[in-house]
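Please look over the structure shown here, with attention to the make-up of one chain and then to a single strand of another.

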Amino acid sequence: MLTIQGKQLNSRLFLGTGKFCSNEVMRDALLASQSELVTVALKRVKLQGSNDSMLDYLNLENVNLLPNTSGVRTAKEAVFLAELAREALETNWVKLEIHPDPRYLLPDPLETLTATETLAKKGFIVLPYINADPVLCKRLEEVGTAAVMPLGSPIGSNQGLETKAMLEIIIEQSNVPVVVDAGLGAPSHAAEAMEMGADAVLVNSAIAVARDPVMMANAFRQAVLAGREAFEAGLGPVTKEANATSLTEFLNVS
Amino acid sequence: MSFQEIFAQHQWQEISQQIYDKTETDVLFALQKKGKRDLEDFMALLSPAAEPFLEEMAVLSQRITQRRFGKVIQMYIPLYLSNECQNICTYCGFSLTNPIKRLTLTPEEVLSEVDIIKGYGFDHVLLVTGESTHVDVSYFKETLQLIRPFFSHISMEVQPLEETEYRQLIGEGLNTVYIYQETYGSLYDSYHPKGRKRNFEYRLETPDRLGKAGIHKIGLGCLLGLDDWRTDSWFTGLHLDYLEKQYWKTKFSISFPRIRPATGCIEPKVTLTNHQMVQLICAYRLFNENVELSLSTRETENFRNHVVTLGITSMSAGSKTDPGGYSLHQEALEQFTIEDNRSPQEIASILQSSGYEPVWKDWDMAMDMTA
């Protein structure tokens with residue numbers, strides 16, 4: 001069971017809701033994934049008035065919305081949008097995404113730190129999307145982040161855990177849940193992140209753009225379960241040689 | 001280095017020759033490249049040598065676009081505010097000497113138009129005008145203030161403005177500006193015999209002024225048919241490459257308008273076949289995986305049905321190109337002839353049956369109004 005700020009989640013797979021070919025397929029994939037936390041881009045939904053078709057499809061039992069601030073470029077814009085979202089969607093959870101670079105959508109660490117501090121003080125449960133930077137993770141902890149969401153590789157790139165060496169340090173040092181976000185292109189990538197000890201993963205493109213998104217969502221569900229079990233079971237050490245000759249055997253020879 | 005300096009280092013004739021000299025080997029190299037494709041690869045993909053590889057280009061382009069943008073198409077609609085124009089552009093229906101009725105919408109008329117296009121479901125709107133001294137920054141400001149409660153995203157395609165003027169409009173909710181060079185070649189002067197648009201350099205530097213003003217998105221393009229399309233498109237790519245490095249927070253979009261018949265206008269110097277149009281769309285996508293590619297209703301129904309999945313990220317639907325076209329129903333004011341007259345709802349259902357979700361809202365005015 002994963003706990004974030006007192007909220008218990010049965011699934012360690014978080015889903016993004018962009019890029020799907022239809023709202024129906026998005027909903028079916030979400031159900032197949034058994035995810036309980038889904039991100040929704042605030043720019044995609046109507047913050048004023050009602051009747052938002054995308055939100056209607058996400059109104060499911062056991063599914064919690066995690067609004068994201070995708071599109072903003074500064075801490076100021078992010079805080080403004082998060083406050084609008086809190087009113088409109090009646091949740092104080094926010095996935096902070098501040099990527100002023102529109103091409104690779106890489107997060108701005110300085111603006112993210114500032115916004116996390118401000119939003120945490122205002123009572124938000126903040127989950128910031130960040131580069132895999134162990135020092136930034138500790139700084140975010142100090143200002144009250146609820147979790148950290150370091151990237152495996154650039155968003156939407158399907159390249160897997162290119163930042164593995166840094167993710168290992170982040171997982172080792174973290175006092176808050178670590179959610180590996182972005183770049184997970186295959187269930188094996190998700191399993192690998194979970195085996196390393198990540199608390200959860202967030203997947204979007206790899207499911208949305210698959211030939212069969214629903215089947216792929218189920219594949220990710222199983223991979224995340226398997227990866228987590230492997231982590232809890234304790235992976236055996238990796239050795240190159242099958243039976244290395246003991247260097248200290250001579251000590252036992254009388 | 002400014003774009004003027006970069007531009008001055010590239011002679012039209014030489015570039016054109018290099019494109020036409022590209023071989024099958026160059027095309028295969030560009031197609032099989034693992035990393036980012038560069039301007040050299042773009043030349044190969046635009047060249048006649050790439051024509052036999054259209055299917056390969058389309059497959060790659062579709063795959064890259066789906067991975068980056070998903071199976072979605074952003075929907076927008078133009079709102080023509082004015083057809084008054086003090087330029088002579090020999091290819092355009094709004095050209096000064098064309099004896100058409102001139103009209104600039106009043107605030108009431110703008111709201112009537114808004115009412116109708118909101119009824120179609122649109123949330124992203126593109127404001128269009130000719131170039132006239134009456135239709136100036138204060139008119140644009142008033143219009144932005146008037147319509148921004150109704151839309152999530154506002155873009156403009158009007159005359160080039162000063163950086164300070166762009167800053168004012170951004171402060172009023174302007175998100176995106178489309179500024180097409182029309183042609184990067186020397187024929188520019190002959191197509192623009194009169195008016196402020198004669199100033200090629202001022203137009204060329206417009207994206208820089210927009211970038212400095214902090215605009216969210218800049219749309220580039222050339223008018224296909226004015227001169228050799230391969231060379232003009234390569235120069236558009238050169239411009240894009242420069243701007244992306246210079247203004248790293250700005251998004252870019254490319255349009256590829258083919259010249260359409262308009263009252264009292266010239267015939268295109270060159271015509272693009274549908275095959276070449278597809279080649280061009282795919283070449284842009286393979287060259288730049290992140291740039292938005294926009295398709296207008298200048299293209300025919302059948303062509304749009306098929307090409308939309310090959311690399312396009314946004315399209316218009318139900319467009320009228322005359323001011324008041326949605327609510328006033330006047331004829332003979334239009335900028336160019338629409339080829340795809342289907343309703344936005346028809347287009348949306350065609351997209352859905354092609355496995356794409358039409359996206360009506362993908363921005364929020366709140367994100368523009370905190371700057």
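In this predicted model, buried residues account for 50% of the 371 residues of chain B. Chain B contains 16 helices and nine strands. Its radius of gyration is 20 Å, close to the 21 Å that the globule rule gives for 371 residues, so chain B is as compact as a globular protein of that length. Taken along the principal axes, the box filled by the C-alpha atoms of chain B is roughly 60 × 45 × 40 Å. Among the contacts in chain B with a separation of 6 or more, 79% are between residues 24 or more positions apart.

In chain A, the strand to follow is β3(A), which spans residues 13-16 and is covered on both faces. On one side A:L13 and A:L15 are buried, and on the other side A:F14 and A:G16 are buried as well.

Which strands pair with β3(A), and in what sense? The table sets out the two pairings, together with the residue of each partner strand that stands opposite A:F14.

| Partner of β3(A) | Residues | Sense | Bridges | Opposite A:F14 |
|---|---|---|---|---|
| β10(A) | 200-203 | parallel | three | A:L202 |
| β4(A) | 37-41 | parallel | three | A:L37 |

A:F14 thus has a bridge partner in β10(A), namely A:L202, and also stands opposite A:L37 in β4(A). The pairing of β3(A) with β4(A) is parallel, and these two strands, together with helix α1 of chain A (residues 23-33), make a right-handed β-α-β unit.

Definitions and conventions: Residues numbered from 1 in each chain as written. Chains lettered and ligands numbered in written order. Predicted model: local features only at pLDDT ≥ 70, side-chain atom pairs only at ≥ 80, totals over all residues. Buried ≥ 20, exposed ≤ 12 C-beta atoms within 10 Å, placed from the backbone. Helix = DSSP H or I, 4+ residues; strand = E, 2+ residues; numbered from the N terminus. Pairing = 2+ DSSP bridges. Right-handed = clockwise from strand over helix to strand, strands pointing away. Rg over C-alpha atoms; globule rule 2.2 N^0.38 Å. Contact = placed C-beta atoms within 7 Å.
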